[in-house]
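Good morning, everyone, and thank you for making the time. I would like to walk through one model with you this morning, beginning with its charged side chains and then turning to its sheets.

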Amino acid sequence: MNEKIEIQHHTAASDYTFYKTLLESTKAIPWKIDWQSMQFTYIGPQIQELLGWETDSWVSVNDWVERMHPEDRDRVVGMCVSQSKEGIDHEADYRALKADGSYVWIRDVVHVIRNNNETEALVGFMFDISERKKNEDELIRLKQELEVLSYQDGLTQIANRRLYDIVLAREWENAIDAQTPLAIIMIDIDFFKHCNDHYGHHVGDLALKQIAQLLKSQIRAGDLAARVGGEEFIVILPSTHQEDAMEIAERIRLCIANTLICCDDNLTDCTAVALTASCSVGAIVPQHGDNAEQFISMIDGLLYRAKETGRNRVIVL
C-alpha cells in the first residue's frame, strides 16, 4: 500500500513538473488569481522577459491594475470584474507598462473557475499582441487614407463629386429639419478650353489647382468647395441667405479675376495668365417634397445664362 501511495505521489509530482515546464516554455504567460484575496497565486516567469518586472513583484490585482495604461484602466478593469463576478470567461486588450516606462499591447484571456455558483479563482494567459496591434493600426491608417482619397479630387485636392453629393444630401435634410436656408454657388472658368489650347494642359492643370485654393480661401468653416467637372466648381453654403451667398460669390469672382495664374511650377518666378469665372447663385429654405436635383438644375441653367451674357459675372436665382 505504501509503495502504491509513493508511486501515485511520484506520478503526481512528475505530472506537475511536466505541466509547469510546458507552461513556462511557451511565449504565453500563465497566471492565477485567488478571487477572495485578489492575490496572485502564480504567474509565469516569462512575465519578466516581456515586461521587465520581477515575478515576485506580482502580488495582488493592484499590481496588475497599476501597470496598465491609464487610458485603458477603467474600461478593462470594469469589464473584467463584472464578467468575473458573473462567471463569464472573457478577454481584454490593453497596454501594459514595462519596467523601462514603455508600453506593450497585451491580450489577457481569462477563464473563471466557479464552485457552487461562486467565483473561486481566475486563471488565464497573457499574450504579447504588440506586432498585431501595429499591423492593425497601419491597416486602419491606410483605410482612412484611402477613404480621404476617395472623397478628394485627385488634381485639385479639394472635395470631389462624390463628397459633394453626400454633403448636399445631408445639408438638404438638415435645412428641411431646421427650416434654415441652404445656398449654392456654381463657378465655371471662362474660356478655359482656350487656356488649355494656347498654353497646354499642364498649364490648365496648374490653373485649376490654384483656383481651387482661391476658392478655399474665400469660403467659411463649414462650407464645402468641390470640383464637379473639368473646370466647374460648386460651393455649398449651409445656413446662408441669398444676399450673403451673393457676396461670397462676388468675392470669389473678383479673387479669380484679380489673381494672375502661374503657368509653370515655379511659383516665385513664372509666366502668368489672367482668368475669369462666371458664377450663379441660389438659396432656398427647402420643404418636405422639394427636390434638391431640381434646385441644382435651376442654378446650373443660370450659369449658362451668365456665360451667354458676357461671362465674368454673378447671376442670382
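Please look at the group formed by Glu71, Asp72, Arg75 and Arg95, whose side chains are linked in a network of salt bridges. Before I go further, I should say that what you see is a predicted model, so please hear every distance and angle in this talk as computed from that prediction.

Within this network, the pair I would like to dwell on is Asp72 with Arg95, which form a salt bridge in which the closest N and O atoms are 2.8 Å apart. Asp72 belongs to helix H4, residues 70-85, while Arg95 belongs to strand S3, residues 90-97, and so this salt bridge ties together parts of the chain that are 23 residues apart in sequence. Is Asp72 buried or exposed? Its relative accessibility is 4%, and because the cut-off for buried is under 20%, Asp72 counts as buried.

The model holds 16 salt bridges by the rule applied here, and two further ones share a single arginine. In one of them, Arg141 meets Glu138 at 2.7 Å, taken from N to O, and in the other, Arg141 meets Glu145 at 2.9 Å, again from N to O. How far along helix H5 is Arg141 from Glu138? These two are 3 residues apart in H5, which spans residues 130-150, and therefore they are separated by about one helical turn; Glu145 and Arg141, being 4 residues apart in H5, are likewise separated by about one helical turn. As for their surroundings, Arg141 is partly exposed at 36% relative accessibility, Glu138 is partly exposed at 35%, and Glu145 is partly exposed at 40%.

Let me now turn to the sheet to which S3 belongs. It is an open sheet of 5 strands with antiparallel pairing, and its order is S2-S1-S5-S4-S3. S3, the strand that carries Arg95, is one of the two edge strands, the other being S2, residues 39-43, and each of these pairs on one side only. From one strand to the next, the twist averages 30°. At the S2 end, strand S1, residues 29-34, runs antiparallel to S2 and is joined to S2 by 4 bridges, and within that pairing Ile33 stands opposite Phe40 in S2.

Which strands does H4 touch? H4 packs on this sheet in contact with S3, with strand S4, residues 103-115, and with strand S5, residues 118-128, and the direction of H4 makes about 150° with that of S3. H5, the helix of the Arg141 pairs, also packs on the sheet and touches S3, S4 and S5, with a direction that makes about 115° with that of S4.

There is another sheet to consider, and here the pairing is mixed: 5 strands form an open sheet in the order S7-S8-S6-S11-S12. Its edge strands are S7, residues 224-227, and S12, residues 314-316, each of which pairs on one side only, and neighbouring strands of this sheet are turned by 20° against each other on average, if direction is ignored. Beginning at one edge, S7 pairs with strand S8, residues 232-238, in the antiparallel sense over 4 bridges, with Ala225 standing opposite Val235 in S8.

Helix H8, residues 201-218, packs on this sheet and touches strand S6, residues 182-189, together with S7 and S8, and the direction of H8 makes about 10° with that of S8. Helix H10, residues 292-308, lies across S6, S8, S11 and S12, running at about 150° to S11, which spans residues 277-284.

I would like to finish with S6. How many of the residues of S6 are buried? The count is 8 of 8, and both faces are covered, with Leu182, Ile184, Met186 and Asp188 buried on one side and Ala183, Ile185, Ile187 and Ile189 buried on the other. S6 runs antiparallel to S8, to which it is joined by 7 bridges, and S6 also pairs with S11 in the antiparallel sense, over 8 bridges. If you would like a single residue on which to centre your view, please try Ile187, whose bridge partner in S8 is Phe233, and which stands opposite Cys279 in S11.

Methods:
Residues are numbered from 1 along each chain as its sequence is written. This is a predicted model: local features need pLDDT of at least 70, side-chain atom pairs count only at pLDDT 80 or more; totals for chains, interfaces and linings use all residues. Side-chain values use heavy atoms; hydrogens and water are left out. Two strands pair if DSSP finds at least two bridges between them. Axes are lines fitted to C-alpha atoms, for helices over the stretch in contact, and angles run from 0 to 180 degrees between N-to-C directions. Contact means heavy atoms within 4.5 Å. Buried means under 20% relative accessible area, exposed over 50%, partly exposed in between (1.4 Å probe, protein chains only). A salt bridge is a side-chain nitrogen of Lys or Arg within 4 Å of a carboxyl oxygen of Asp or Glu.
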